[in-house]
Amino acid sequence: MANVVVIGAQWGDEGKGKITDLLSRSADVVVRYQGGVNAGHTVVVQGQTFKLHLIPSGILYPDTECIIGSGTVIDPEILIAELDQLEALGISTKNLLISDIAHVTMPYHRLIDQASEERRGRQKIGTTGRGIGPTYADKSERTGIRIIDLMDPEVLVEKLTWTINYKNPILEKLYNLSPLDPAGVIKQYQEYAERLGSYVVDSSLKIYEAIEQKRNILFEGAQGTLLDLDHGTYPYVTSSNPVAGGACVGAGVGPTMIDRVIGVAKAYTTRVGEGPFPTEIHTREGELLCELGSEFGTTTGRRRRCGWFDAVIGRYAVRINGLDCLAITKLDVLDTFEEIKVCVAYEIDGELTREFPSSTSVFARCQPVYKTLSGWQKSTAECRSLEDLPKEALDYLKFLAELMKVPIAVVSLGASRDQTIIVEDPIHGPKRALLDASGTPITSGV
């Protein structure tokens, strides 16, 4: 039995959806513990693409129980659309459970999010405009609406009437927007409650019972370490805690119940939205990474900024999350490059550092110090074992493992489930590592 957390080790968009889907084969329960519809996981199964924003990708396995935990914020309209999409494709949603104390994204959250971002001008953060920040803000302000409130008509009428009357002057006087009609919103959300009611449970209790039954649990985060509200590149961050520690709070479990933490990182680096990005490539190579990697956001469709692998933020992610191993994704995107760069340190005002700075203004002045490695200029898309990889590709993985000081256990070489090399079972603990912590490759197959 193992309870495993999967986190993004960069700025999100690392391919966690595929890795979560892969690990769900061995999981009995998959728990989404934070974020909202500002996240998106894309999974390709037998040529069919599934884009999920709230429902854990474990839903694609008929025997896997999927839980949307209390740390998430739920937009009922989008959740119901996902349910309809899955059911139309013949995917059962009977194993989905929703936390009764998760907070709900309301129409005024979306309106305020979009209007406030527009007013920021050059100081904009790069929000998705889906209302996630304002939903978490109301949660902290203790004026939020929870799923359990939707289930009680009298409570919903009382709370939403007060809240909308509280928000309307903000919409009108601060943002010059039309006020919301409380009766219309209440009616709409009562309809959502009728559709979602059968899925609602005390999710923390369900997870605890699964732990007592020694079932395998996979805790799935959204976004990535560098977007963490406390430990990311603030203020260019999300409104929750994607780091491994956030799984305990967002799922309602104690830290002693977590056995392993798996980090997911691309073989290069991407970032969506605003904020410093030391290894960003502004030449044709950056455009090529975007084209070959199809680097457009699942949720917004925005073009992702692309750069070389940054081992400084990688080591930071190892430290902040206590990573046991890494999954490296999109190695195949580098197949055509003659040379590949890896950032091994930063130069800040003439001084060398190998540590991630706390100050965003200092981070913006960081200049990457690169180590250049030879590319392999051969396709890796059909590789299914370490022996199949070109020597230079294996050397590249070995170098990343040396820098990160953590084993690389999974290598993804494309979007499909089968385009993967696995040398250890991350759910049940390491049998042997693809690359050990000293960087020595292990070339025998599973």
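In this predicted model, Gln-223 sits in the loop that runs between strand β10 and helix α9. The backbone here takes a turn worth a look: phi of Gln-223 is near 55°, a positive value in a residue other than glycine. Is Gln-223 buried or exposed? With a relative accessibility of 10%, Gln-223 falls under the 20% limit and therefore counts as buried.

The loop between β10 and α9 (245-251) also holds Pro-235. The peptide bond that joins Tyr-234 and Pro-235 is cis, with omega at about 10°.

A positive phi also turns up at Arg-142, where the angle is about 65° although the residue is not a glycine. Arg-142 belongs to the loop between α4 (132-141) and α5 (147-150). Its relative accessibility is 75%, so Arg-142 counts as exposed, whereas Gln-223 counts as buried.

Turning to the sheet, strand β10 is part of an open arrangement of 10 strands with mixed pairing. Read across, the strand order is β9-β7-β5-β2-β10-β1-β11-β15-β19-β20. The edges are formed by β9 (200-201) and β20 (420-422), each of which pairs on one side only. Helix α1 (residues 16-23) packs on this sheet and touches β1 (3-8), β2, β10, β11 (260-266), β15 (325-329), β19 (408-412) and the edge strand β20. The direction of α1 makes about 165° with that of β1.

Within the sheet, how do β2 and β10 pair, and over how many bridges? Strand β2 (residues 29-32) and strand β10 (residues 217-220) run in the parallel sense, and four bridges link them. In this pairing, Val-29 is placed opposite Ile-217 of β10.

A last site of interest is Asp-310, which is found in strand β14 (residues 309-310). Asp-310 is buried, yet it has no salt bridge. Which side chain of opposite charge is nearest to Asp-310, and how far away is it? That side chain is Arg-315, at 6.8 Å, and a salt bridge would have to fall within 4 Å. The side chain of Asp-310 does, however, reach a backbone partner: the nitrogen of Ile-313, at 3.3 Å. Leaving aside residues up to four places away in sequence, Asp-310 touches Thr-269, Thr-279, Cys-343 and Tyr-346. Taken together, the surroundings of this buried aspartate include the backbone nitrogen of Ile-313 and side-by-side contacts with residues such as Thr-269 and Tyr-346.

Terms used:
Residues numbered from 1 in each chain as written. Predicted model: local features only at pLDDT ≥ 70, side-chain atom pairs only at ≥ 80, totals over all residues. Heavy atoms only, no water. Helix = DSSP H or I, 4+ residues; strand = E, 2+ residues; numbered from the N terminus. Buried < 20%, exposed > 50% of the residue type's maximum accessible area, 1.4 Å probe, protein only. Lys, Arg positive; Asp, Glu negative; His and termini not counted. Polar contact = N/O pair within 3.5 Å; in protein donor to acceptor, adjacent residues only side chain to side chain. Contact = heavy atoms within 4.5 Å. Pairing = 2+ DSSP bridges. Axes fitted to C-alpha atoms, helices over the stretch in contact; angles between N-to-C directions.
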